[in-house]
Amino acid sequence: MQQTLKKTISILGSTGSIGTQALEVIEANPDNFELEAISAYNNADLLISQALKFKPNVVVIGNEDKYDQVFDALDSHDIKVFAGEGGLCHIAELEAVDIVLTALVGYAGLKPTIHAVKAGKTIALANKETLVVAGELITQLALEHKSAILPVDSEHSAIFQCLTGEIGNPIEKIILTASGGPFRGKDRAFLSTVKKEAALKHPNWDMGAKITIDSASLMNKGLEVIEAKWLFGLTPEQIDVVVHPQSIIHSMVQFEDGSIKAQMGLPDMKLPIQYAMTFPDRIKSTFPRFNFTEYPSLTFEKPDMDTFRNLALSFEALKKGGNQPCVLNAANEIAVSEFLKDRIGFIEMSDLVASCMQEVSFVAKPSLEDYIETDQETRRLALEKITEWKD
């Protein structure tokens with residue numbers, strides 16, 4: 001069924017990989033979507049270009065030092081300009097907005113998403129770290145404020161699509177698929193020599209630097225495991241991961257009768273983005289179609305969690321609960337940043353995460369303030385450890 005009413009969209013993080021593809025979806029479907037607001041943290045030039053093309057009512061630049069540049073470029077076009085975290089929270093709760101697409105990278109997505117949830121918005125969630133860091137808090141707030149959280153990650157969108165029409169049929173388990181990244185099958189000796197240039201070459205997906213490194217280390221899959229727990233109300237034992245190098249099956253659901261449903265398609269983030277923004281409807285697209293004869297073999301294998309420790313650490317954090325996933329995420333954000341600066345090695349990233357998980361104070365029932373303090377404490381500790389390692 002085609003939609004008859006336009007949905008008004010606010011994009012948090014419009015200059016990143018997800019944000020730019022979301023704008024492509026909006027541009028291709030002018031009868032379905034209206035863009036109300038966009039934001040970027042640092043890429044003022046692209047943000048200005050997007051604003052001039054799409055004419056949103058509001059634009060936010062996260063880096064307050066670039067406010068004047070954005071304001072001067074857009075003032076004569078009757079586009080409001082805000083800056084900083086306050087501006088992000090503002091466009092997350094605008095009354096005119098139906099859907100907030102949260103495409104910010106990392107912990108930065110937490111506070112704006114909370115504001116959107118409290119405003120009762122539908123959340124198209126591409127910022128998995130929000131549920132990793134504070135899943136219990138976010139899901140409770142969503143219930144209280146009747147805010148729907150619709151997944152944009154290809155794996156969680158696949159599960160969501162498989163569950164459509166299955167109300168009342170309990171899940172036995174879900175199976176998240178992983179490409180294995182550029183280092184699938186390599187051992188720790190090989191990984192100890194890896195440089196960022198090799199880690200940034202993903203075999204199937206075109207993503208930003210942070211998520212590409214996370215994919216290479218399997219941390220991205222670990223974060224998805226934690227996110228899945230909160231999105232679908234699962235226990236750790238109900239979540240499996242299988243390496244599927246072709247990235248055609250995006251994830252699967254197994255029901256209590258043993259039947260497995262899978263969602264398939266070519267690796268293209270525009271499909272899950274569009275599905276989240278049009279749900280419960282599907283609208284026609286021009287996305288490339290999958291042809292079975294071009295993929296005569298789809299293969300699957302167990303992930304190597306001894307070599308790629310981040311996935312094992314993520315399951316450990318999920319099982320312990322409390323603020324442990326918050327520690328995992330904060331330590332990983334520092335680890336990836338420092339790896340990209342050539343300050344630590346590829347294997348040292350998981351060493352750093354494991355060390356912080358052991359040492360940061362555990363809080364069993366964290367409040368928002370506890371999450372904020374945990375994030376700050378972990379980042380401080382991680383940087384101190386890196387300095388010690390280098391001395």
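Trainee: Which residue just after helix 10 takes a positive phi?
Mentor: Keep in mind that this model is predicted. Helix 10 covers residues 209–217, and the place to look is just after this helix. The phi there is about 70°, and the residue that takes this value is L218.

Trainee: How many of the nine residues of helix 10 are buried?
Mentor: Buried means under 20% relative accessible area. The residues of helix 10 that meet this are K210, T212, I213, D214, S215, A216 and S217. Helix 10 is therefore called mostly covered, because under 20% is what counts as buried and the number of its residues that are buried is seven of nine.

Trainee: Which helices do the buried residues of helix 10 pack against?
Mentor: Let's go along the chain. Before helix 10 come helix 6 (129–145) and helix 9 (196–199), both of them packing partners. The buried residues also pack against helix 11 (219–232), helix 13, helix 14 and helix 15. The full set is helix 6, helix 9, helix 11, helix 13, helix 14 and helix 15.

Trainee: Is I334 in helix 14 buried or exposed?
Mentor: I334 lies in helix 14, which spans residues 324–340. It touches L352, R379, A382, L383 and I386, leaving aside residues up to four places away in sequence. Its relative accessible area is 11%, so I334 is buried.

Trainee: How far apart in space are I334 and L381, C-alpha to C-alpha?
Mentor: In sequence, I334 and L381 are 47 residues apart. Distance along the chain does not tell you the distance in space, so look at the C-alpha atoms of I334 and L381, which are separated by 9.9 Å.Trainee: Which element gives the most residues to the lining of the largest cavity?
Mentor: The largest cavity holds about 60 Å³ of space. Its lining is made of R188, L191, S217, T307, F308, R309, N310, F346, I347 and S350. Helix 8 (188–191), helix 13 (309–320) and helix 15 (346–359) each give two or more residues to this lining. With three residues, the one that gives the most is helix 15.

Trainee: How many residues in the lining of the largest cavity are charged?
Mentor: Sort the lining by class. Four of the residues are nonpolar and four are polar. The charged residues number two.

Trainee: Which strands stand at the edges of the open sheet of seven strands?
Mentor: The strand order is 4-3-2-1-5-6-7, with parallel pairing. At each end of that order a strand has a single partner, so one side of it is left without a neighbour in the sheet. The edge strands are strand 4 (80–83) and strand 7 (149–151).

Trainee: By how many degrees are neighbouring strands of this sheet turned against each other on average?
Mentor: This average ignores the direction of the strands. For the sheet with the order 4-3-2-1-5-6-7, the turn between neighbours is 20°.

Trainee: Which residue of strand 6 stands opposite I99?
Mentor: Strand 5 (residues 99–102) pairs with strand 6 (residues 122–125) in the parallel sense, over four bridges. The residue of strand 6 that stands opposite I99 is T122.

Trainee: Which residue takes a positive phi in the hairpin of strand 10 and strand 11?
Mentor: Strand 10 (residues 249–255) has seven of its seven residues buried. Five bridges join it to strand 11 (residues 260–264), and the two run antiparallel, with I249 opposite M264. The hairpin has four residues between the strands, and the one with a positive phi, near 95°, is G258.

Terms used:
Residues are numbered from 1 along each chain as its sequence is written. This is a predicted model: local features need pLDDT of at least 70, side-chain atom pairs count only at pLDDT 80 or more; totals for chains, interfaces and linings use all residues. Side-chain values use heavy atoms; hydrogens and water are left out. Buried means under 20% relative accessible area, exposed over 50%, partly exposed in between (1.4 Å probe, protein chains only). Contact means heavy atoms within 4.5 Å. On a 1 Å grid over the protein atoms alone, a cavity is a set of points where a 1.4 Å probe fits but cannot get out, and a pocket is an open set with protein on both sides within 12 Å along at least five of seven lines; lining residues have an atom within 4 Å of a point. Grid points are joined across faces, edges and corners, and a volume is the space filled by probe spheres set on the points. Ala, Val, Leu, Ile, Met, Phe, Trp, Tyr, Cys and Pro count as nonpolar, Asp, Glu, Lys and Arg as charged, and the others, Gly among them, as polar. Two strands pair if DSSP finds at least two bridges between them. Axes are lines fitted to C-alpha atoms, for helices over the stretch in contact, and angles run from 0 to 180 degrees between N-to-C directions.
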